[in-house]
Amino acid sequence: MLDIDKLRELTGSHGGLARGQGMVTGVIALSLGILCFLGVLVFHFPQYLSTPELRKSYDVNVMRHVLLAAMVVAGGLALVNIVFNRTRWLSSFAFLLVALAALLGGHKVDVDPNFPDGTPYIGLDWFILDLLGSSLIFIFIEKLFAHRKDQPIFRAEWQTDFQHFVVNHMIVGFVLLATNLMVHRFFGWAANDGIRGWIAGLPFWAGVLLIILVADLVQYWTHRAYHEVPLLWRLHAVHHSVKCMDWMAGSRQHILELLITRTLVLAPIYVLGFSKGVIDAYIVIVGFQAVFNHANVSVRLGPLRYLIVTPNFHHWHHSQDQEALDRNYAAHYAFLDYLFGTAVKSDKLWPEKYGVLGDYVPDGFLRQLKFPFIWKG
């Protein structure tokens, strides 16, 4: 009943899922089954598999209920498919993972909070929660407001972007540590108590608008440098190599670019001393917009499109169309590109083709990791 070859073929393929045969429910059950199994591992080894910043903020009992609900849904879908002989090979894998999660204690695993600070960890909990939340939210939005209605969820090269998604989430601890060290070492001298006190005392709404502006100004010029400085373009070309825009496309990013950009964006936020509430709001906004702007979504905001970055605005940035090359750099405030003269000017509503002009960046996570160091362009 367990067919490894069929599972390998499925995960290596792309395209739409056949309806009415249990493929859709089978894939959902398998995906949830994998996350349930990983979630139980996090409960068993929180000191090594959970992110300190996250485990301080969420309620363990809520996480237990989420895990239980996921196990029930995954197990139920898998069992129905098995009983009615619908993709038994796929649903059997899903049911096995749920069973293993239950045998390992499921949502009832005791969590020992007493472990030393500074324990090396990988962000498995961040990966699980972000993948679950992002897929539920953005796949729904993409189906409801799709720009390219014929584009399937599992489009070409989704495996590469998923690998980027996994790695960039798993090493969240390293990224946080490295960026914090660099920010404090290189920019700590610039902190001024008077300015920090004034910034921290701003009304919440003013602080949020200002932090987004500060971050986007830095991001704009950093982003522009990635395009105009050949050495930096070697890194950024990896991000631009995605040929299909959707909620996972933004995950394709070289780890060195991730470190450089986060350090430069966080530096003024640290130096200016924004309050924790404002920083938390910014993290939520940037997290949503980073995914939403790459999504396969058609959203027209009328005159507001000149103020706020939307998927339409950012899709142009990823286009191979001549009028779009090296344009639309802003991440949040579209007016920055109009202010600095880098906004796309086109009679078309949407670009025609995405990716790097010439398509010289290879597919595959490891190839893209090596690409900036071996490319002879």
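**Notebook: exposure, cores and a buried arginine**

I began with D359, which at 34% relative accessibility counts as partly exposed (buried means under 20% relative accessible area, exposed over 50%, partly exposed in between, with a 1.4 Å probe and protein chains only). I placed D359 in the loop between α16 (335-340) and α17 (helices are DSSP runs of H or I with at least four residues, strands are E runs with at least two, numbered from the N terminus). D359 has a positive phi of about 45° although it is not a glycine.

I note for all entries that this is a predicted model, in which local features need pLDDT of at least 70 and side-chain atom pairs count only at pLDDT 80 or more, while totals for chains, interfaces and linings use all residues. Residues are numbered from 1 along each chain as its sequence is written, and side-chain values use heavy atoms, with hydrogens and water left out.

**Entry: E157**

I looked up E157 as another residue other than glycine with a positive phi, here near 70°. E157 sits in the loop between α7 and α8, and with a relative accessible area of 17% this residue is buried. For reference, most residues other than glycine have a negative phi.

**Entry: R252 and its surroundings**

Is R252 buried or exposed? R252 is buried, its relative accessible area being 1%, and I found its place in the loop between α12 (230-240) and α13 (255-272). Setting aside neighbours within four places in sequence, I listed the contacts of R252 (heavy atoms within 4.5 Å) as E157, T160, D161, H164, V238, H239, S241, V242, D363 and Q368. The side chains of R252 and S241 are joined by a polar contact of 2.9 Å (a pair of N or O atoms within 3.5 Å; within protein, one must be able to donate a hydrogen and the other to accept it, and residues adjacent in sequence count only if both atoms are side-chain atoms).

**Entry: H239 and helix α12**

I turned next to H239, which belongs to helix α12 and is buried, with a relative accessible area of 8%. The H239 side chain reaches the backbone oxygen of R252 at 2.7 Å, and a polar contact of 3.3 Å joins the side chains of H239 and H294. Not counting residues up to four places away in sequence, H239 touches A249, G250, R252, E257, H294 and H318.

Helix α12 as a whole is mostly covered, with 8 of its 11 residues buried; among them I noted W233, R234, H236 and H240. The buried residues of α12 pack against α8, α11 (204-228), α13, α15 (311-317) and α17.

**Entry: nonpolar cores**

Which residues touch the most other members of the largest nonpolar core? I found L124, F127, I128 and W247 in that role, in a core of 31 residues (a core is a set of buried Ala, Val, Leu, Ile, Met, Phe, Trp, Tyr and Cys residues joined through side-chain atoms within 4.5 Å). At least two residues of this core come from each of α2 (23-44), α5 (60-83), α6 (88-103), α7 (124-144), α8 (158-170) and α14 (276-292). I followed L124 further: leaving out residues up to four places away in sequence, L124 touches L38, V42, L49 and M170. A second, separate core of 20 residues includes V214, Y220, V278 and Y329.

**Entry: the second largest pocket**

I recorded a volume of about 1,500 Å³ for the second largest pocket. On a 1 Å grid over the protein atoms alone, a pocket is an open set of points where a 1.4 Å probe fits, with protein on both sides within 12 Å along at least five of seven lines, and lining residues have an atom within 4 Å of a point; the volume is the space filled by probe spheres set on the points, which are joined across faces, edges and corners. Of the 45 lining residues, V27, I28, S31, I153 and F154 are the closest to the centre of this pocket. Helix α2 gives the largest share of the lining, 10 residues.

**Entry: two exposed phenylalanines**

F373, in helix α17 (residues 365-374), counts as exposed at 56% relative accessibility. Apart from neighbours within four places in sequence, F373 is in contact with H254 and L256. F84, in the loop between α5 and α6, counts as exposed at 58%; its C-alpha atom is separated by 48 Å from that of Y282, 198 residues apart along the chain.
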